[in-house]
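Subject: Structure for you to look at

Dear colleague,

Here is the structure I said I would pass on. Please open it beside this message while you read.

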Amino acid sequence: MFETSQFHQPVMQDILAAYGLEMAECHIQPFGSGLINATWKVSVADSHYILQRINHLVFSKPDLIAQNITTIGQYLQQHHPDYFFVQPVQTINKQEMYITAEGEYFRMQPFVENSHSHDVVNDIQLAYEAAKQFGRFTRLLSGIDVQTMQYPLPDFHNLTLRYQQFEQAIAAGNQERISAAREDIDTVRSYQRLTTIFEDIQQHPDFKIRVMHHDTKISNVLFNAAGEGLCVIDLDTVMPGYFISDFGDMMRTYLSPVSEEETDLSKVCVRTDYYKAIVQGYISEMGDELSSIEKEHLVYAGQFLVYMQAIRFLTDYFNNDRYYGAKYEHHNLLRARNQLTLLNSITQQEKTLSSVVAY
């Protein structure tokens, strides 16, 4: 991942001035646990803001993110004004972002008082509330013409492309690492049918392209003091896609009691009661929106996302950790094995999971 280092005082001073703030009057502190964008909480008198630098090495066209957020905000204001949507703060020049002389992109939004987020899903109700919020977000935006939405990360969840990149890395990557991962390569190839299913989905008329969040980890939901979901946040990855992206990422990040960083693979498993909570929360909002065949692919959604992430970790390992980086030797290999273990667990319990909830 990328550094989220502090900036020199003159640079920060210019950024704050663009929003009409005097640096000398502001209290600035790093905020959150995100790894892609640098984030600060800015406090001045009784007002509080979130300031972020958009990582343009990941998002090569930050203006597309701004366009999407504007489109979503305007649509919600017109059609669902009661939905709590965190509108960006415009610069004094009425711009959605501030661009520094060095080409860095910054944005600001109000800090939501009396709210909190979570980094870990350790409660069934938490999983339910988060799934409900992501389902509501997509349902409320179902009337948007997806042709008006931009793609900040083209092919982000294109499993066919990710598999091709995996095979290319085997052909041209670090041969020593490839030799060390022969069993993992065999496992990935044994699940290639999941790629075929994805290609079938792309051709099926009952799989609708909708406005999806594409990053449904628990930290992207704000909760109130009572533990109820308020709204979803971090809309950088919002773009047209299939429901399997959002539902699958919730399965990937909520089902196991341990994260993708866990190296003791005996701890990686599927919590069936958490799956039930995810389904119930999501279907409570999306039940009438999803087609019958989409509902039949709920378990597949988890397989799809976990498989793709395993492929991406393994591909990066073969490519000498160029994308994700590594904190220690074989880091991405162990991440891949973690995800393959979770994929095996989901697949072994596929029938149980498919029957756990009546839709």
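Below is what was found in it, taken region by region.

The model is predicted, so please read what follows as computed from a prediction.

Helices α4 and α7

Helix α4 covers residues 159–172 and helix α7 covers residues 193–203. Their axes come within 9 Å and cross at roughly 145°. On the α4 side the contact is made by L159, T160 and Y163. These meet L194, T195, F198, E199 and Q202 of α7. Sorted by class, that contact has four nonpolar residues, three polar ones and one charged one.

The second largest pocket

Helix α4 also takes part in a pocket, the second largest, whose volume is about 380 Å³. The pocket is lined by 16 residues, and those closest to its centre are R162, Q165, R312, T315 and Y323. Which helix gives the most to this lining? That is α4, with five residues. Helix α11 (298–318) is, like α4, a supplier of at least two lining residues. By class, the lining residues comprise seven nonpolar, four polar and five charged.

Aromatic pairs

There are 13 aromatic pairs in the structure. One of them is formed by Y191 and Y307, with ring centres 6.2 Å apart and planes at 50°; the pair is therefore classed as tilted, since that label covers angles from 30 to 60 degrees. It joins distant parts of the chain, as the two residues are 116 residues apart. Y191 sits in the loop between α6 (182–190) and α7, while Y307 belongs to helix α11. Are these two tyrosines buried or exposed? Both Y191 and Y307 are buried.

Ring pairs also join Y163, F166, Y317 and F318 into a cluster. Y163 is already familiar from the contact of α4 with α7.

Two residues with positive phi

Which residues have a positive phi without being glycine? Two to look at are D234, with a phi of about 55°, and N320, with a phi of about 65°. D234 lies in the loop between β8 (229–232) and β9 (239–241). N320 is found in the loop between α11 and α12 (331–348). D234 has a relative accessible area of 27%, so it counts as partly exposed. N320 has a relative accessible area of 46% and is likewise partly exposed, because that label runs up to 50%.

Regards

Terms used:
Residues are numbered from 1 along each chain as its sequence is written. This is a predicted model: local features need pLDDT of at least 70, side-chain atom pairs count only at pLDDT 80 or more; totals for chains, interfaces and linings use all residues. Side-chain values use heavy atoms; hydrogens and water are left out. Axes are lines fitted to C-alpha atoms, for helices over the stretch in contact, and angles run from 0 to 180 degrees between N-to-C directions. Helices (H or I, at least four residues) and strands (E, at least two) are DSSP runs, numbered from the N terminus. Contact means heavy atoms within 4.5 Å. Ala, Val, Leu, Ile, Met, Phe, Trp, Tyr, Cys and Pro count as nonpolar, Asp, Glu, Lys and Arg as charged, and the others, Gly among them, as polar. On a 1 Å grid over the protein atoms alone, a cavity is a set of points where a 1.4 Å probe fits but cannot get out, and a pocket is an open set with protein on both sides within 12 Å along at least five of seven lines; lining residues have an atom within 4 Å of a point. Grid points are joined across faces, edges and corners, and a volume is the space filled by probe spheres set on the points. Rings of Phe, Tyr and Trp (its six-membered ring) pair if their centres lie within 6.5 Å; planes under 30 degrees apart count as stacked, over 60 as edge-to-face and the rest as tilted. Buried means under 20% relative accessible area, exposed over 50%, partly exposed in between (1.4 Å probe, protein chains only).
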